[in-house]
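Student: I am new to this structure and would like a close look at one part, the place where the two chains meet. Please go through that part and then move outward from there.

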There are 2 protein chains.
Amino acid sequence: MKKITAFAPATVANVCCGFDILGFAIFAPADEVTVSFRKETGIVIQKIVGDGGRLPLDSAKNTAGVAVQSFLNAIDSSQGVAIEIKKKLPLGSGMGSSASSAAAALVAINELMGNIFTRKELVPFALAAEKMACGVAHADNVAPSIMGGFVLVRDYENLDLIQIPSFPPLSCCLVHPHLEVNTSDSRKVLKSTISLKDSLTQNGNLATLMVGLMSGDYSLISRSLHDVIAEPERSAFIPDFKNIKNLALSLGALGFGISGSGPSVFALCKDEETAKRIGKAVSERFQRLNLGSDEFISGINNKGAWIE
Amino acid sequence: MKKITAFAPATVANVCCGFDILGFAIFAPADEVTVSFRKETGIVIQKIVGDGGRLPLDSAKNTAGVAVQSFLNAIDSSQGVAIEIKKKLPLGSGMGSSASSAAAALVAINELMGNIFTRKELVPFALAAEKMACGVAHADNVAPSIMGGFVLVRDYENLDLIQIPSFPPLSCCLVHPHLEVNTSDSRKVLKSTISLKDSLTQNGNLATLMVGLMSGDYSLISRSLHDVIAEPERSAFIPDFKNIKNLALSLGALGFGISGSGPSVFALCKDEETAKRIGKAVSERFQRLNLGSDEFISGINNKGAWIE
């Protein structure tokens with residue numbers, strides 16, 4: 001029986017000024033999901049490795065299972081599907097772990113079915129899984145993981161996804177300190193209203209980031225990477241955040257912030273050398289706080305999930 | 001004695017999703033300001049025509065006078081200056097009338113002084129005038145009037161002005177209904193806090209507008225031209241706003257909104273023909289409400305204020 005294996009990468013959502021509406025994909029880590037048809041109807045998660053036994057084998061509770069079910073519903077298919085997951089992304093890390101398995105499963109089933117859908121068209125199926133896993137259907141991880149590059153969510157109600165057409169060379173340093181922040185906990189600290197002033201600040205920065213990316217202007221990118229909405233509240237979850245941020249900026253980061261809802265932190269840099277230097281320094285700082293951590297250094301992944 | 005005459009054009013501030021931080025310049029109408037040195041110290045407004053006697057001749061209360069004083073202060077000069085103003089922009093129209101006279105005066109005095117400052121460097125002097133005239137120092141009119149094109153104000157505190165590097169052909173239709181809205185009145189209706197949801201909507205739209213302008217994608221431009229912050233409150237000042245907006249959109253406007261704080265309304269269009277058609281239809285609609293109006297059809301002015 002034919003099998004397809006797809007890889008879907010980690011993503012950095014929010015990207016400072018793009019809180020809730022911007023994300024980008026990197027190359028590694030990437031979840032690996034193998035999908036095959038089975039004779040019996042129903043979706044079966046046959047195996048999950050790398051999750052320490054923490055992810056549900058029940059396909060109705062697993063993001064890969066829910067995403068594939070949503071895909072099959074859309075084409076009115078009762079095709080039986082078997083799924084195997086090699087989990088490479090740390091859970092609850094703020095690197096888009098739940099999104100990644102769903103994204104890989106969707107790209108694999110789509111390939112297996114003869115690529116019925118475009119990459120962009122796959123995103124709504126992954127959103128069904130995000131909603132199940134996180135309580136809210138946020139696209140700022142799933143969209144870049146599936147589509148690649150920087151993806152802006154202009155409108156959630158009508159799901160208007162905009163891939164930023166161009167940007168200059170960038171290197172991302174992600175550091176995952178070994179502590180878990182629950183996505184819904186980190187949502188709770190956010191206020192439902194904000195000052196008009198803060199809104200304008202965030203708005204000006206995100207608009208500038210778009211101009212900076214598209215014109216390849218590192219100075220604009222750097223000036224815009226600030227978050228006045230989520231970071232002031234969520235940084236409390238990350239020990240010594242402010243000093244670590246200052247350290248990264250002093251070492252040449254264009255910007256530094258919380259990846260998704262944390263606790264991972266990221267630095268966007270002009271080149272890999274700077275990203276590596278920052279990764280090392282940030283990890284050492286966490287170490288001093290008796291926190292183990294993992295570093296991931298990667299360019300921006302323009303293609304998103306890929307087939308083996 | 002050498003005289004320099006400069007023209008500074010009307011501007012559309014806010015541009016829907018760019019409330020308070022984005023504006024663009026058109027070609028006409030444009031205020032005409034003539035500046036010359038005088039032997040005596042002090043700034044004198046010699047003549048104002050076209051204002052119906054409503055603008056102050058006292059240079060400390062006139063935006064052109066205040067702007068020139070601010071310019072002279074910056075270079076520690078006690079040079080005497082004479083100013084003549086031909087007012088072409090309607091007052092209190094939402095077309096950047098106060099900004100325009102200040103912008104023209106600054107470009108003229110700068111030329112007269114041998115272009116000490118870049119266009120961007122002139123903006124802070126005009127802000128001093130805006131503060132005097134409107135109570136707040138907003139740059140979304142003065143910056144495009146001086147610099148041209150679309151100008152984004154990323155940061156008011158450190159005055160970070162970003163000129164959008166490229167955009168596709170656009171035609172603007174401005175219609176000024178003959179009613180006056182005081183800028184401070186139209187500020188009062190705005191709330192000082194907004195919902196996080198509205199902030200994200202505005203943020204997503206402005207970011208999309210930047211991508212649309214820079215990639216020349218009319219569909220993105222059109223999808224992004226919405227304002228969920230100011231328009232819902234300020235449209236109450238403009239009779240039948242909602243129907244007029246729907247009319248303009250049905251006639252092919254990419255977007256339609258209030259220019260600045262109103263009462264002028266604008267439509268951004270792909271071409272002049274559409275802009276003219278909309279201008280005519282909107283004016284007719286105001287006519288039915290017994291409101292006279294003026295229409296201005298113009299492309300986007302990339303250079304801003306100019307010397308005769």
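Tutor: What follows starts at the contact between the chains and then turns to the strands, a helix and some backbone details.

The model is a predicted one. In it, 33 residues of chain A are in contact with 33 residues of chain B. On the chain A side, the elements that give two or more residues are β5 (150–155), β6 (160–163), β8 (193–195), α6 (196–215) and α7 (218–224). Of these, α6(A) gives the most, with 14 residues. Sorted by class, the side of chain A that touches chain B has 16 nonpolar, eleven polar and six charged residues.

Strands also pair across this contact. β8(A) is joined to β8(B), residues 193–195 of chain B, by three bridges, and the two strands run antiparallel. Ile194(A) stands opposite Ile194(B) in that pairing.

Ile194(B) can be followed further. This residue is found in strand β8 of chain B. It counts as buried because 20 other C-beta atoms lie within 10 Å, and 20 or more is the cut-off. Leaving out residues up to four places away in sequence, Ile194(B) touches Thr193(A), Ile194(A), Leu196(A) and Ser199(A) from chain A, and Ser199(B) and Ile229(B) from chain B. Val228(B) is 34 residues from Ile194(B) along the chain, and the C-alpha atoms of the two are separated by 9.7 Å.

From the contact, β5(A) leads into the strands of chain A. β5(A) pairs with β2(A) in the antiparallel sense over three bridges, and Phe24(A) stands opposite Phe150(A) there. β2(A), residues 22–38, is also joined to β1(A), residues 3–13, by ten bridges, again antiparallel. In that pairing the bridge partner of Ala6(A) is Val33(A). A further antiparallel pairing, over seven bridges, links β2(A) with β4(A), residues 80–86; Thr34(A) stands opposite Glu84(A) in β4(A).

The loop between β5 and β6 of chain A holds Leu159(A). Phi of Leu159(A) is near 40 degrees, a positive value in a residue other than glycine. Most residues other than glycine have a negative phi, and most peptide bonds are trans. Leu159(A) is partly exposed, because 15 other C-beta atoms lie within 10 Å, a count between the limits of 12 and 20.

Chain B has a positive phi of this kind at Val15(B), near 50 degrees. Val15(B) is found in the loop between β1 (3–13) and β2 of chain B. With 28 other C-beta atoms within 10 Å, Val15(B) is buried.

Two cis peptide bonds in chain B can be added. One joins Ala28(B) and Pro29(B), with omega about 5 degrees, and Pro29(B) lies in strand β2 (residues 22–38) of chain B. Another runs from Gly262(B) to Pro263(B), with omega near 5 degrees; Pro263(B) lies in the loop between β9 and β10 of chain B.

Those two strands belong to an open sheet of four strands in chain B, in the order β9-β10-β7-β11, with antiparallel pairing. Its edge strands are β9 (255–258) and β11 (293–299), each of which pairs on one side only. From one strand to the next the twist averages 15 degrees. β9(B) is joined to β10(B), residues 265–269, by four bridges, and Gly257(B) has Phe266(B) as its bridge partner in β10(B). Helix α10(B), residues 272–288, packs on the sheet and touches β7 (171–177), β10 and β11 of chain B; the direction of α10(B) makes about 15 degrees with that of β7(B).

The last element is helix α3(B), residues 119–134. Its 16 residues, at 1.5 Å a residue, should span 22 Å, and the end C-alpha atoms are 22 Å apart, which agrees. α3(B) nevertheless bends by about 25 degrees at Phe125(B). Phe125(B) is one of the buried residues of α3(B), and among the others are Leu122(B), Val123(B), Leu127(B) and Met132(B). What covers the buried residues includes α1 (63–74), α2 (97–112), α4 (139–147) and β6 (160–163) of chain B. After α3(B) comes Gly135(B), whose phi is positive, near 90 degrees.

Notes: Residues numbered from 1 in each chain as written. Chains lettered and ligands numbered in written order. Predicted model: local features only at pLDDT ≥ 70, side-chain atom pairs only at ≥ 80, totals over all residues. Contact = placed C-beta atoms within 7 Å. Nonpolar A, V, L, I, M, F, W, Y, C, P; charged D, E, K, R; others polar. Pairing = 2+ DSSP bridges. Axes fitted to C-alpha atoms, helices over the stretch in contact; angles between N-to-C directions. Expected span 1.5 Å × (residues − 1). Bend = angle between axes of the 7 residues up to and from the residue.
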